Structures are given as C-alpha cells and as structure tokens.
Protein chains: 2
Amino acid sequence: MSNPAAALYLENQLCFPLYAASRMTTKIYAPLLKALGLTYPQYLVMLVLWQHGEQTVNAIGSRLYLESNTLTPLLKRLEQKGLISRRRSSKDERSVLVQLTETGAQLKAKAQEIPKTILASFNDSRLTEPEVLQFQKTLFKLVEILGERAERDKE
Amino acid sequence: MSNPAAALYLENQLCFPLYAASRMTTKIYAPLLKALGLTYPQYLVMLVLWQHGEQTVNAIGSRLYLESNTLTPLLKRLEQKGLISRRRSSKDERSVLVQLTETGAQLKAKAQEIPKTILASFNDSRLTEPEVLQFQKTLFKLVEILGERAERDKE
DNA sequence: TATATTTACATCGCACGCGATTTAATCTTA
DNA sequence: TAAGATTAAATCGCGTGCGATGTAAATATA
C-alpha cells in the first residue's frame, strides 16, 4: 500500500462491511417480522426451536452464539407473547428448558414465506448465483473460525 | 430441497451468518479498542474523521449507514472524551459540523496498530488469500446493493 | 464426605440501532 | 413573499449485545 494510513481506511476492512451488511439485512427482515410480532433475534430463536424443538438456554445460545445475558430477557419477551414456555430441568436444576407453545409452533406456518421474500430481495444482476454460493461458503467458514476463536478466548 | 421447511433452517440463510460474523469480529476489536477508550462504532466514526476530516453528522452517517438517532448520542460521548468538537454550521444552521480535537487527531497514531493485529487474527489456513479477496469483493457489492435498496425504501 | 471448583442462568449497567416524532432552518412554489 | 414542503439534528422508547457479577446447583477433588 502506497499510503501508510491506508490500513485505517474503511474500504480496506472486512469488519465494517460485515457490520453494515448485517444491519442492513436485519432491516430488510423488520417489516416482514413485524407482521409476526417478532424482532430479528427473536425470529432466530424461533427458528432454532422450530428446527430442533425443546432445548436449554445454553443449547440455543451455542447455535446463535449468544449467552444468557442476552437470551434471558429475550426469552422472557417471547414467553410474554405466549410463544414459548420456560421450566427448570428436573435432571439438572441449573438448566432452563425452552419449549414452543401451541401458538409458537403454529407461527411456523406464517414464517414459511419469509425466506422466499428475503431471497427475492437479494436478487440482483450484480450478484451471480455461483458468486453468492461461494460467498456463503466463505462466510460459514469465517463464522466457524471466529466461533472456535471465541471458545479459545473464553479460557 | 427435499425438506420443504429447509428454507427456514439457519444453515441455509445468508443473514444469520452475517449477523453472527459481525458480532464476532466486533468482539475481536473490543480489547484493542478498550486500550484507546473506544467502542467499535465510535472507532468507525474516528476512522471517518481521520480519513476525511471535518464533516457534518449527515456525512458521517452516509459513510457508516447510520442516522442521527444513533450518531448524536455517540458523538456526544466522543465529545465528552475530548476527542471531537461539534458546532453548528454557519452556512446552514441545521447542520452540525464534527471536527477532531488535537487529542482526537493524535489518537490516530495509537490506532495504527489495530488493523495489523486484526488481520493477523484472521490468519487461518482454512482461508486462502484469493478466497478472502473474492469474499471481500462480494461483500462490498452486497453492501452497495443493500445501501441502494435502503435509499429506495426511504421514499 | 466436606470443600473447592465449575456450570447454568439471571441480573445489572452501558452503548448501541432504529422506528417514530419533534424542532428549527432552508427550500419551493404558488 | 407568505405558506407549505423538505431537510438536519435531536429526542424518546424499546430491544438487543455484552462485560461483569451474583446465585444456586452440580461436579471434582482432597
């Protein structure tokens, strides 16, 4: 790089565009999720429960890379909306099991349309399908690497 | 896809890994930025000011895809730390001009090490350099497309 | 088995993000 | 030029994220 300060430029960074893209995609979900009465992080929790069923706060957290300081208040809001129920595990009283209510399970049907709408909104001539697939592949690899890193850093 | 609900699965989504990767990279910055007394969004504002100098809240916002509801409180915090100053533009009394203080300008020297450290921490055998470059390219394209989309949606 | 350590979740405080609204200045246009 | 529309910040309220700490249950270890 000719300019010694160039490394400090936004354009040369990976993290800023990740940050920007994440916020912008979340914004695309907002109006669709509002119809279901969900925020984006709440939707992610519902996805986990729709896919994997009852599980502990910890298990949800490992899938979403979130901890109880974020999840506990969020889960309480989902509980207040009547979408989930929470109970202490009898096998291990430290754990809290999160389960879908009937209402929460039924919401899945309404959510089916969301991925289609989102995919359509990403449709743009500047992005070819193989490019997006390759992008997704690298993105998953990145999350995996960063996830491992976070695990290491805990110790 | 064989399973009709597969579209709802986390793994098939683009937005979740963006969300996860963004949060995880921000976490990597945290300890480095703590030494400068900055949060990641505050660091982004400082980057903009280091690179482009005095400008309005609006101008900072268009570079970072943020608006005054987020920036005003953040800028007040930077002002309290003595890193920036804010004043109404005399040309247009609606605008607020944000400028680095001497202290704020000097902080740039300390920040020079950060990109190097971050780049080193992304160093992993699973990610080749051309793969990362391609990834970055698509990511920028994505931000551009989403940015245009956000502009359109405002109207 | 008594004690120390670890684990799971909850709580607290602070800094975002952002939709919605307000206020003041500037621009448009009839 | 007066009235309405637009624009730039600021303000408000709510829901995250997350570091730090607390509490209780389970596990490890002496």
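These are my notebook entries on how two protein chains and two DNA strands meet in a predicted model.

**Ground rules**

I number residues from 1 along each chain as its sequence is written, letter chains from A and number ligands from 1 in the order in which they are written. Since this is a predicted model, local features need pLDDT of at least 70, side-chain atom pairs count only at pLDDT 80 or more, and totals for chains, interfaces and linings use all residues, while side-chain values use heavy atoms, with hydrogens and water left out.

**Entry 1: the two copies**

I began by superposing chain B on chain A, by least squares on the C-alpha atoms of residues with pLDDT of at least 70 in both. A rotation of 180 degrees with 0.0 Å of shift along its axis does it, at an RMSD of 0.0 Å. The two copies are therefore related as by a two-fold rotation axis. I then looked for the C-alpha of chain B nearest that axis, and found B:Phe135, 2.8 Å from it.

**Entry 2: the protein interface**

How many residues does each chain bring to the contact? I get 63 from chain B and 63 from chain A, with contact meaning heavy atoms within 4.5 Å. Of the interface residues of chain B, 100% are also interface residues in chain A, so the copies meet through the same surface.

Next I looked up the buried area, which is the accessible area (1.4 Å probe) that two parts lose on being put together, summed over both. Between chain B and chain A it is about 6400 Å², and carbon and sulfur atoms give 70% of that.

I also noted six salt bridges between the chains, a salt bridge being a side-chain nitrogen of Lys or Arg within 4 Å of a carboxyl oxygen of Asp or Glu. One of them joins B:Lys141 to A:Glu131, at 3.0 Å from N to O. Polar contacts link 17 residue pairs across this interface, both residues at pLDDT 80 or more. For that term I use N or O atoms within 3.5 Å; within protein, one must be able to donate a hydrogen and the other to accept it, and residues adjacent in sequence count only if both atoms are side-chain atoms.

Which helix of chain B gives the largest share of the side that touches chain A? It is H7(B), with 16 residues. I sorted that side of chain B into 39 nonpolar, 11 polar and 13 charged residues. In this sorting Ala, Val, Leu, Ile, Met, Phe, Trp, Tyr, Cys and Pro are nonpolar, Asp, Glu, Lys and Arg are charged, and the others, Gly among them, are polar.

**Entry 3: DNA strand C**

I counted 27 residues around DNA strand C, the closest being A:Tyr19, A:Thr72, A:Lys76, B:Thr39 and B:Gln42. Here a residue is near if one of its heavy atoms lies within 4 Å of the strand. Of the atoms of strand C that come within 4 Å of the protein, sugar and phosphate account for 72%.

I checked some phosphate oxygens of this strand. A polar side-chain atom of A:Thr72 lies 2.4 Å from one, and a polar side-chain atom of B:Arg77 lies 2.8 Å from one. At A:Val96 a backbone N or O atom lies 2.8 Å from a phosphate oxygen of strand C. By class, the surface has five nonpolar, 10 polar and 12 charged residues.

**Entry 4: DNA strand D**

Which residues come nearest to DNA strand D? Of the 26 around this strand, they are A:Thr39, A:Gln42, B:Tyr19, B:Thr72 and B:Lys76. Sugar or phosphate make up 72% of the strand D atoms within 4 Å of the protein, and bases the rest.

For phosphate oxygens of strand D, I list a polar side-chain atom of B:Tyr19 at 2.5 Å, one of A:Arg77 at 3.0 Å and one of B:Arg23 at 3.2 Å. The surface near this strand has five nonpolar, 10 polar and 11 charged residues.

**Entry 5: salt bridges overall**

Over all chains I find 16 salt bridges. In one, the side chains of A:Glu54 and A:Arg87 meet at 2.8 Å, N to O. This pair links distant parts of the chain, 33 residues apart: A:Glu54 sits in the loop between H2 and strand E1 (55-56), and A:Arg87 in strand E2. Helices (H or I, at least four residues) and strands (E, at least two) are DSSP runs, numbered from the N terminus.
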